[in-house]
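Here is a short briefing on one protein model. It takes the helices first, then the aromatic rings, then two loop positions and a strand residue.

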Amino acid sequence: DGTGRAQASAVAAALDDEPIDRVYASPLVRARDTAAPLAAANSIAIEIRNELKEVDYGRYQGLLKAEQPLKLRREHLVAPLPGGESLYDVYRRVSGMAGELRKSLEAGAKLAVVGHFWSNRMLVGVMQGIPFDLLFEQSRYKPANGSIYEIAFGRSGDGLVVAAQGWRLQGGDGVPRVGHAPLSRNQPA
């Protein structure tokens with residue numbers, strides 16, 4: 001729709017000053033459509049990754065939240081939704097991709113990842129080194145559609161460490177707000 005296209009364009013505009021080497025996206029249409037302007041601006045192809053799909057809601061897939069309110073964090077942390085996944089399943093799924101992302105980052109690549117609320121939240125946690133059982137103690141990760149969460153990595157004796165992180169763009173209401181807030185140093189999301 002028009003709002004989604006405006007948000008995707010705002011994401012590409014917000015990252016206009018950053019040369020992006022690789023753009024990863026979930027295979028779901030809305031993620032691919034969001035990634036397209038960013039990939040085009042950098043003259044690169046989108047790398048489709050199944051690991052970035054949203055949580056599989058199983059029999060609840062496609063229902064409106066009002067029709068079936070779910071308590072994912074209370075009831076489905078480790079117990080899968082009927083016919084679907086648990087949040088831990090998503091955490092494990094994105095964990096496999098995190099090692100690949102780290103290798104690219106260690107080689108100096110700048111990466112963009114376009115996924116969905118839960119897959120992105122889990123990936124941010126994995127990239128920060130937050131164990132699953134502590135991930136939900138973090139309350140600062142509340143993105144709206146068309147948001148950019150930026151993680152800057154530095155090097156230590158053991159490899160990459162999170163040097164800074166924060167919101168670069170918070171969209172969501174159809175009015176993209178492009179701007180760069182200062183990144184917070186070493187604070188969990």
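The expected span of a helix is 1.5 Å times one less than its number of residues. For the 13 residues of α1 that rule gives 18 Å, and the end C-alpha atoms are 18 Å apart, so the two values agree. The model is predicted, and every value below is computed from it.

**Overall layout**

- The protein chain holds six helices and six strands.
- Along the sequence, their order is α-β-α-β-α-α-β-α-α-β-β-β.
- The protein chain has 189 residues, and 43% of them are buried.
- Among contacts with a separation of 6 or more, 61% join residues 24 or more positions apart.

**Helix α1 and its partner α2**

- Helix α1 covers residues 2-14, and helix α2 covers residues 29-41.
- Their axes come within 8 Å and cross at roughly 35°.
- The crossing of α1 past α2 is right-handed.
- On the α1 side, the contact is made by A8, S9 and A12.
- On the α2 side, D33, T34, P37 and L38 meet them.
- By class, this contact has four nonpolar, two polar and one charged residues.
- Buried residues in α1 are Q7, A8, A10, V11, A12 and A14.
- A8 and A12 thus appear in both lists: they are buried and they meet α2.
- The cover over the buried residues of α1 includes α2, β4 (148-156) and β5 (159-169).

**Helix α5**

- Helix α5 spans residues 117-128, 12 residues in total.
- From first to last C-alpha, α5 reaches 17 Å, close to the 16 Å expected at 1.5 Å a residue.
- How many residues of α5 are buried? The count is 11 of its 12 residues, and the helix is mostly covered.
- The buried residues of α5 include W118, R121, M122, L123 and V124.
- Polar names also appear in that buried list, including S119, N120 and Q128.
- What covers them includes four helical or strand elements named here: α3 (72-75), α4, β3 (111-114) and α6 (132-135).
- β4 and β5 also belong to the cover of α5, and both of these strands help to cover the buried residues of α1.
- G129 follows α5 and has a positive phi, near 80°.

**Aromatic rings**

- A search of the whole structure finds six aromatic pairs.
- Y88 and Y91 form one of them, a stacked pair.
- The centres of these two rings are 6.3 Å apart, with 20° between the planes.
- The pair counts as stacked because planes under 30 degrees apart are classed that way.
- Y88 and Y91 are three residues apart in helix α4 (residues 87-106), so about one helical turn separates them.
- Is Y91 buried or exposed? Y91 counts as buried, at 12% relative accessibility.
- Y88 is partly exposed, with a relative accessible area of 31%.
- F132 and F136 make an edge-to-face pair, because their planes stand at 85°, with ring centres 5.5 Å apart.
- F132 is buried, with a relative accessible area of 12%.
- Ring pairs link Y88, Y91, F117, W118, F132 and F136 into a cluster.
- W118 of this cluster is also one of the buried residues of α5.

**The loop after α2**

- N42 is found in the loop between α2 and β2.
- Which residues does N42 touch, not counting those up to four places away in sequence? They are E18, P19 and I20.
- N42 and I20 are 22 residues apart in sequence, yet their C-alpha atoms are 6.3 Å apart.
- S43 lies in this loop too, between α2 and β2 (46-48).
- S43 is not a glycine, although its phi is positive, about 55°.
- S43 is exposed, with a relative accessible area of 69%.

**Strand residue I46**

- I46 sits in strand β2.
- I46 counts as partly exposed, at 27% relative accessibility.
- Beyond its neighbours within four places in sequence, I46 is in contact with V23, A25, R32, A35, A36 and A39.
- One of these contacts is R32, which is 14 residues from I46 along the chain.
- The C-alpha atoms of I46 and R32 are separated by 7.6 Å.

Conventions
Residues numbered from 1 in each chain as written. Predicted model: local features only at pLDDT ≥ 70, side-chain atom pairs only at ≥ 80, totals over all residues. Heavy atoms only, no water. Axes fitted to C-alpha atoms, helices over the stretch in contact; angles between N-to-C directions. Helix = DSSP H or I, 4+ residues; strand = E, 2+ residues; numbered from the N terminus. Left-handed = near helix turned anticlockwise from the far one by under 90°. Contact = heavy atoms within 4.5 Å. Phe/Tyr/Trp six-rings, centres within 6.5 Å; stacked < 30°, edge-to-face > 60°. Buried < 20%, exposed > 50% of the residue type's maximum accessible area, 1.4 Å probe, protein only.
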